[in-house]
Amino acid sequence: MTSLPQARRFDWANLGVRVASATVLVPAVLGAVWFSDMPGLRWLFLVLVAVAVALLAIEWGAMTAPTAPIRVSTALTVAILAAAFLAHQKHMPLAWTAAGLGAVAAALVARGVAERPMNAAFGVVYLAIPVVCLVWLRGMPEGRQWTILLFAVAWAADIAAFAVGSALKGPKLWPKFSPNKTWSGFVGGLIAAAGAGAAMAAFSAIVLSVPAGALIGLLGGLATMAGDLWESMLKRRFGVKDSGDLIPGHGGLLDRVDGLMFAVVVLAAARLINYWGWAH
């Protein structure tokens, strides 16, 4: 009788590296979110977004355009930053138009250097949508609180999924594309995300009922998991293990924000509905 494979032991060394990386990154992100309302610092959050966009574009270019990564990455960076800048100036129709035109331009650049145009165009769309939503969310009334809610939900889902899944293990969630993710981690991540949303509604200055906060947290947690799985499929398609090696313990920046990119779209939609009077 064939014995079952041994369960993989919890990687405490990797957890330590992850914690060390988070100790550096989390205060920087929250500081930019918090202080960008202050006079003279209003561009701080946009600068953080711009740096992230450039790094994400570099990773996308390296992953999808191996013969001309710099040209494709540059095209993506210009297109997405144009959309982000217009969103920061509250010109949302122009921001979405810039993203669409940027996708076309990136495709033409990729075609000119013998790369697949659709990969470049999709890269602009894939990155620009969450970036524009994030900039818009931060610029809305209560933007600071809603942006912190976004990070709280996404981080809670990600951390709990990793911790619970590593501790409890059990059946795999989607072994074909992400062999390390489990159903136990999925459920743990959703519970943590809903709890984070409820806690933010109860104890922060955000104008949001606790049940609405829990629901938004749950939906944001689902989006976080979906974003993580989607990026796993993309990496499998392009034949890479990680999008890069920028962040110790996490891989590339795209590996770190894949779930956040989906969650911000959900939170932006929730903020728009809330702005119309729901869930006060």
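The exercises below, each with a worked solution, concern the predicted model shown above.

Residues are numbered from 1 along each chain as its sequence is written. Because the model is predicted, local features need pLDDT of at least 70 and side-chain atom pairs count only at pLDDT 80 or more, whereas totals for chains, interfaces and linings use all residues, and side-chain values use heavy atoms, with hydrogens and water left out.

**Exercise 1. Helix α4**

Compare the span of helix α4 with the expected one, and state which of its residues are buried and what they pack against.

Solution. Begin with the assignment: helices (H or I, at least four residues) and strands (E, at least two) are DSSP runs, numbered from the N terminus. Helix α4 covers residues 92–112, which is 21 residues. The expected span of a helix is 1.5 Å times one less than its number of residues, and the distance from the first C-alpha of α4 to its last, 30 Å, is close to the 30 Å expected.

Next, take burial, where buried means under 20% relative accessible area, exposed over 50% and partly exposed in between, with a 1.4 Å probe and protein chains only. The buried residues of α4 are M92, A95, A98, A99, G102, A103, A106, A107 and A110, and they pack against α3 and α5. An α-helix has 3.6 residues a turn, so residues three or four places apart point the same way. Finally, α4 is followed by A114, whose phi is positive, near 65 degrees.

**Exercise 2. The nonpolar core**

Describe the largest nonpolar core, and place it with respect to the domains.

Solution. A nonpolar core is a set of buried Ala, Val, Leu, Ile, Met, Phe, Trp, Tyr and Cys residues joined through side-chain atoms within 4.5 Å. The largest such core has 77 residues, and L76, W146 and L149 are those with the most contacts inside it. Its largest share, 13 residues, comes from α5. Domain 1 (14–139) and domain 2 (142–279), whose bounds come from an automatic or database domain assignment, both give residues to this core, so it lies between them.

As a closer view, consider L76, with contact taken as heavy atoms within 4.5 Å. Apart from neighbours within four places in sequence, L76 is in contact with A57, W60, A106, A120, G123, V124 and L127.

**Exercise 3. Aromatic rings**

Classify the pairs W43 with F85 and W183 with F186, and locate each in the chain.

Solution. Rings of Phe, Tyr and Trp (its six-membered ring) pair if their centres lie within 6.5 Å; planes under 30 degrees apart count as stacked, over 60 as edge-to-face and the rest as tilted. By this rule there are eight aromatic pairs. The rings of W43 and F85 have centres 6.0 Å apart and planes at 20 degrees, so this pair is stacked. The pair links distant parts of the chain, 42 residues apart, with W43 in the loop between α1 (12–35) and α2 (44–64) and F85 in helix α3 (residues 69–88). W43 is partly exposed at 44% relative accessible area, and F85 is partly exposed at 40%.

The pair of W183 and F186 is edge-to-face, with 5.5 Å from centre to centre and 85 degrees between the planes. Both residues lie in helix α7 (residues 183–203), three residues apart, about one turn of the helix. W183 is partly exposed at 43%, while F186 is buried at 18%. Elsewhere, ring pairs link W60, F122, Y126, W230 and F238 into a cluster.

**Exercise 4. Two residues of helix α8**

Determine the burial and the contacts of D228 and M233.

Solution. D228 lies in helix α8 (residues 210–238) and is buried, with a relative accessible area of 18%. Leaving out neighbours within four places in sequence, D228 is in contact with D158, K181, D258 and G259. M233 is also found in helix α8, and at 22% relative accessibility it counts as partly exposed. Not counting residues up to four places away in sequence, M233 touches W174 and F177. The C-alpha atoms of M233 and K176 are separated by 8.9 Å, although the two residues are 57 residues apart along the chain.
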